[in-house]
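Reader: I would like to learn how to read a contact between chains, and then a helix and a core. Where should one start?

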Amino acid sequence: MVITLFVALLVGTATGLVGFWLRQNTKLSSVEVSAWLTLVAGLTLPLLSSEGFLLALICTSVSYVVMSSKQRISSFKEMIVVSVICVLVVYYGQNLLVGVGGRLGTFAALSVLLFASLKKCLKWRDGHVGCNIRG
Amino acid sequence: MPNLGNTVRIIVTSLVIIGSWLALRQAKPSWKRVVSTSCTSLGGAVVTFILSNHFQLGPVVASGLVGVLGAQVLAEERQLQLYLGAFVGMSSALRFPKFLPLILAGALGGVLFELLKEAWSGVGGRLGTLAATAVLIVLVVGGGGW
């Protein structure tokens, strides 16, 4: 189980990074990037291992994260953090809303919003500390 | 005495009607646009559902295929609408044993897309959330539950 999570984190992060690179360096639309990542993951990962279907689901969800705007996710570092959050959300939420279309997208949105809140909190804390130092 | 399921269904239906009415009053979308978006979305839903369940491709490959093929022929805005439909079509055949609720969910997804255009802009997964909302509303109102 721990190994699966570790592999999921690796594969999910790699998907996020490849997707972010494609968004930055090619003229592909957000839908095209996400759809290609989804298609490749869906065709290859289930053939490689018994946990392949779960890994494909995780990659699919991360590919939806990749559709975020540059204002939401602006660097590779940020993409890694959101991908990790997304992998954890999908991994631990895999039994939720089974068979309901759009659940992977919901997980992706949850991860992006979680990351945005985290970023805001950190910025607020840094600003607060800064005020104290100046004061 | 009405049973709990019916009460929940009535509450959800009322909330959807009131919410849609309020959103429509604020957004004032063009009806022509709403209809064309709904058609694109339900097209994506039906094609993905058929590929996934009848051709046994599975939801991941089916939605990827619809997204890739749609991106070759449609403009960017339409791609998003089609992809939203594809998310609805990723639902399992156990959730939608009949086509009509799936078609309704696909069309409702398109309506939500137009009504909530300004919400969550730039958040990846927004389309999936809209799709899941449409699917859950149709399931609850239709008595499928979740």
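**Contact, helix and core**

Author: Start with what each chain contributes: 35 residues from chain A and 35 residues from chain B make up the contact. Keep in mind that the model is predicted.

Reader: Which helices of chain A each supply at least two residues of the side that touches chain B?

Author: They are helix 2 (30-48), helix 3 (52-65) and helix 5 (103-134). Helix 2 of chain A gives the most, with 10 residues.

Reader: How many residues of each class does that side of chain A have?

Author: There are 19 nonpolar, 13 polar and three charged residues on the side of chain A that touches chain B.

Reader: How should I read a single helix?

Author: Begin with the general geometry: an α-helix has 3.6 residues a turn, so residues three or four places apart point the same way. Then take helix 3 of chain A, whose 14 residues reach 20 Å from first C-alpha to last, close to the 20 Å expected at 1.5 Å a residue.

Reader: How many residues of helix 3 of chain A are buried?

Author: The helix is mostly covered, with 11 of its 14 residues buried. Among them are A:Cys59, A:Ser61, A:Val62 and A:Val65.

Reader: And the core: which residues have the most contacts inside the largest nonpolar one?

Author: A:Cys86, B:Ala134 and B:Val135 do, in a core of 75 residues. Helix 6 (residues 126-142) of chain B provides the largest share of this core, 10 residues.

Reader: What does A:Cys86 touch, not counting residues up to four places away in sequence?

Author: Its contacts include A:Ser61, A:Val62 and A:Val65, which are buried residues of helix 3 of chain A. A:Cys86 also touches A:Gly12, A:Phe107, A:Ala108 and A:Ser111.

Methods:
Residues are numbered from 1 along each chain as its sequence is written. Chains are lettered from A and ligands numbered from 1 in the order in which they are written. This is a predicted model: local features need pLDDT of at least 70, side-chain atom pairs count only at pLDDT 80 or more; totals for chains, interfaces and linings use all residues. Two residues are in contact if their C-beta atoms, placed from the backbone, lie within 7 Å. Helices (H or I, at least four residues) and strands (E, at least two) are DSSP runs, numbered from the N terminus. Ala, Val, Leu, Ile, Met, Phe, Trp, Tyr, Cys and Pro count as nonpolar, Asp, Glu, Lys and Arg as charged, and the others, Gly among them, as polar. The expected span of a helix is 1.5 Å times one less than its number of residues. A residue is buried if 20 or more other C-beta atoms lie within 10 Å of its own, exposed if 12 or fewer, and partly exposed in between; C-beta atoms are placed from the backbone. A nonpolar core is a set of buried Ala, Val, Leu, Ile, Met, Phe, Trp, Tyr and Cys residues joined through C-beta atoms within 7 Å.
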